[in-house]
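Trainee: Could we go through this one slowly? I'd like to see how each label gets earned.

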Amino acid sequence: MYGNENIVASDVRKAPEGFMANGPFVYADVMNYPMLERIVVDWRIDWIVHYSALLSAVAEKNPALALSVNMTGFQNVLELAKIHRLRLYSPSTIGAFGPSTPKDDTPDLTIMRPNTIYGITKLHMELLGEYYREKFGVDFRSARYPGVLSADTPPGGGTTDYAVDIFHHAVRHGRYDCFLSKDTRLPMMYLSDCIKGTVDHLTHPTPLPQSVYNIAAVSFTPEELASEIRKHLPHFTISYPDPARPDFRQAIADSWPASLDDSMARRDFGWREEFGLEKMVKVMLAKIQAQVDSEKKNMVSNTPAAMTA
Ligand SMILES: NC(=O)C1=CN([C@@H]2O[C@H](COP(=O)(O)OP(=O)(O)OC[C@H]3O[C@@H](n4cnc5c(N)ncnc54)[C@H](O)[C@@H]3O)[C@@H](O)[C@H]2O)C=CC1
Ligand SMILES: CC(=O)[C@H](N)C(=O)O
């Protein structure tokens with residue numbers, strides 16, 4: 001929309017192959033304030049879209065690092081937003097809710113007592129962002145994403161990752177060992193909806209009545225997802241953990257809402273999803289099948305016989 005050349009992408013990891021052809025990409029560690037400030041000044045940055053974070057499962061394995069990346073990282077970009085008068089967008093998550101939050105149709109404003117380190121850092125982000133908006137006029141915006149499904153990027157260590165992994169296993173192996181129980185209902189969304197909602201939120205003319213909004217598209221359980229996959233791959237099978245020995249991510253999922261009330265986002269910046277469960281499954285399977293076909297083709301064309309043909 002604004003041209004790739006007007007976006008400076010950054011990470012502490014190398015960009016994926018081909019990414020650099022799209023525009024500038026720089027190394028930036030969100031824990032290093034002077035480094036971030038230098039990028040803001042050198043590139044005349046006026047909006048920051050801050051995605052760096054450790055997700056729920058990896059954060060639970062390394063709470064100290066999660067505190068640094070998620071909290072110090074956010075404090076750094078927030079301070080930069082205040083000093084350099086930047087607009088700041090940073091996603092929150094269903095993980096910011098906790099076990100005492102109402103589980104169904106969870107509204108924007110409700111009980112929030114997360115019991116995971118990820119949730120605590122994200123709630124800290126929400127509250128601090130709101131404080132800087134009130135106190136210093138920082139244009140801070142955030143949406144609480146549900147689990148985001150994408151066929152193009154590997155999942156980053158979250159609890160909703162099963163809903164991405166399942167497709168890769170279904171296409172490649174015809175079976176999947178799920179780490180959540182069959183009836184764990186969680187809110188989810190397809191990546192292109194997430195991107196559209198984020199851009200609409202980010203670019204909406206100020207002021208919006210609230211800083212933080214729920215956005216969601218569908219809610220489903222692993223069993224419902226597996227049934228939908230079976231409509232395309234009838235032989236697909238799925239197994240679940242022994243309820244007596246649940247995976248550590250089960251407790252995380254059980255502390256999160258089953259569905260969100262996102263009516264405020266629909267009202268205030270026109271949030272609307274395009275992908276329901278059926279459409280999402282169809283596209284995910286088609287994309288992953290195309291990846292598998294292209295891998296096979298590459299393997300064949302790299303065999304000595306093909307190379308000398
Ligand atoms: N993927 C999902 O289902 C959901 C994601 N979100 C939020 O969206 C954001 C992005 O999530 P994903 O792309 O899925 O996660 P991801 O794990 O794929 O990406 C996180 C990125 O942060 C980078 N990072 C880690 N430490 C850093 C540091 N010190 N400095 C700079 N970058 C650093 C990593 O290299 C990685 O590229 C996160 O804030 C997450 O909380 C929220 C809800 C759902
Ligand atoms: C819902 C999220 O924030 C993320 N996908 C996770 O599972 O940690």
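Mentor: Sure. A residue is near a molecule if one of its heavy atoms lies within 4 Å of it. Keep in mind that this is a predicted model.

Trainee: Which residues are around ligand 2 by that rule?

Mentor: Here they are: Leu-55, Ser-56, Thr-93, Ile-94, Tyr-118, Gly-158, Thr-159, Thr-160 and Trp-256.

Trainee: What makes the pair between Ser-56 and ligand 2 a polar contact?

Mentor: Two N or O atoms have to be within 3.5 Å. An oxygen atom of ligand 2 is 2.5 Å from an N or O atom in the Ser-56 side chain, so the pair fits the cut-off. Try Tyr-118 and Thr-160 yourself.

Trainee: For Tyr-118, an N or O atom of the side chain is 2.7 Å from an oxygen atom of ligand 2. For Thr-160, the side chain has an N or O atom 2.8 Å from a nitrogen atom of the ligand. Both fit the 3.5 Å limit, so both are polar contacts.

Mentor: Nice. Alone, ligand 2 exposes 250 Å², and the protein buries 93% of that.

Trainee: How many residues of each class does the shell around ligand 2 have?

Mentor: Four nonpolar, five polar and no charged ones. Tyr counts as nonpolar here, so Tyr-118 goes in that group even though its side chain makes a polar contact.

Trainee: And what surrounds ligand 1?

Mentor: There are 23 residues, and the closest are Asp-11, Asp-29, Tyr-118, Lys-122 and Val-148. By class they divide into 13 nonpolar, six polar and four charged. Strand E5 (92-93), helix H4 (117-136) and strand E7 (147-149) each supply at least two of them.

Trainee: How do you know that Asp-11, Tyr-118 and Lys-122 make polar contacts with ligand 1?

Mentor: Use the 3.5 Å limit again. An oxygen atom of ligand 1 is 2.6 Å from a side-chain N or O atom of Asp-11, and 2.6 Å is also the value for Tyr-118. Lys-122 has a polar side-chain atom 2.9 Å from an oxygen atom of ligand 1. Each value is within the limit, so each pair counts. Ligand 1 exposes 830 Å² when taken alone, of which the protein buries 81%.

Trainee: Last one: why are helices H1 and H3 called oblique?

Mentor: The axes of H1 (residues 33-42) and H3 (residues 63-84) come within 10 Å and cross at roughly 40 degrees. Roughly parallel means under 35 degrees, and roughly perpendicular means 65 to 115. The angle falls between those ranges, so H1 and H3 are oblique to each other. The crossing of H1 past H3 is right-handed.

Methods
Residues are numbered from 1 along each chain as its sequence is written. Chains are lettered from A and ligands numbered from 1 in the order in which they are written. This is a predicted model: local features need pLDDT of at least 70, side-chain atom pairs count only at pLDDT 80 or more; totals for chains, interfaces and linings use all residues. Side-chain values use heavy atoms; hydrogens and water are left out. A polar contact is a pair of N or O atoms within 3.5 Å; within protein, one must be able to donate a hydrogen and the other to accept it, and residues adjacent in sequence count only if both atoms are side-chain atoms. Accessible areas come from the Shrake-Rupley method with a 1.4 Å probe; for residues, only the protein chains shown count as cover. Helices (H or I, at least four residues) and strands (E, at least two) are DSSP runs, numbered from the N terminus. Axes are lines fitted to C-alpha atoms, for helices over the stretch in contact, and angles run from 0 to 180 degrees between N-to-C directions. Angles under 35 degrees count as roughly parallel, over 145 as roughly antiparallel, 65 to 115 as roughly perpendicular and the rest as oblique. A crossing is left-handed if the near helix is turned anticlockwise from the far one by less than a right angle, and right-handed if clockwise.
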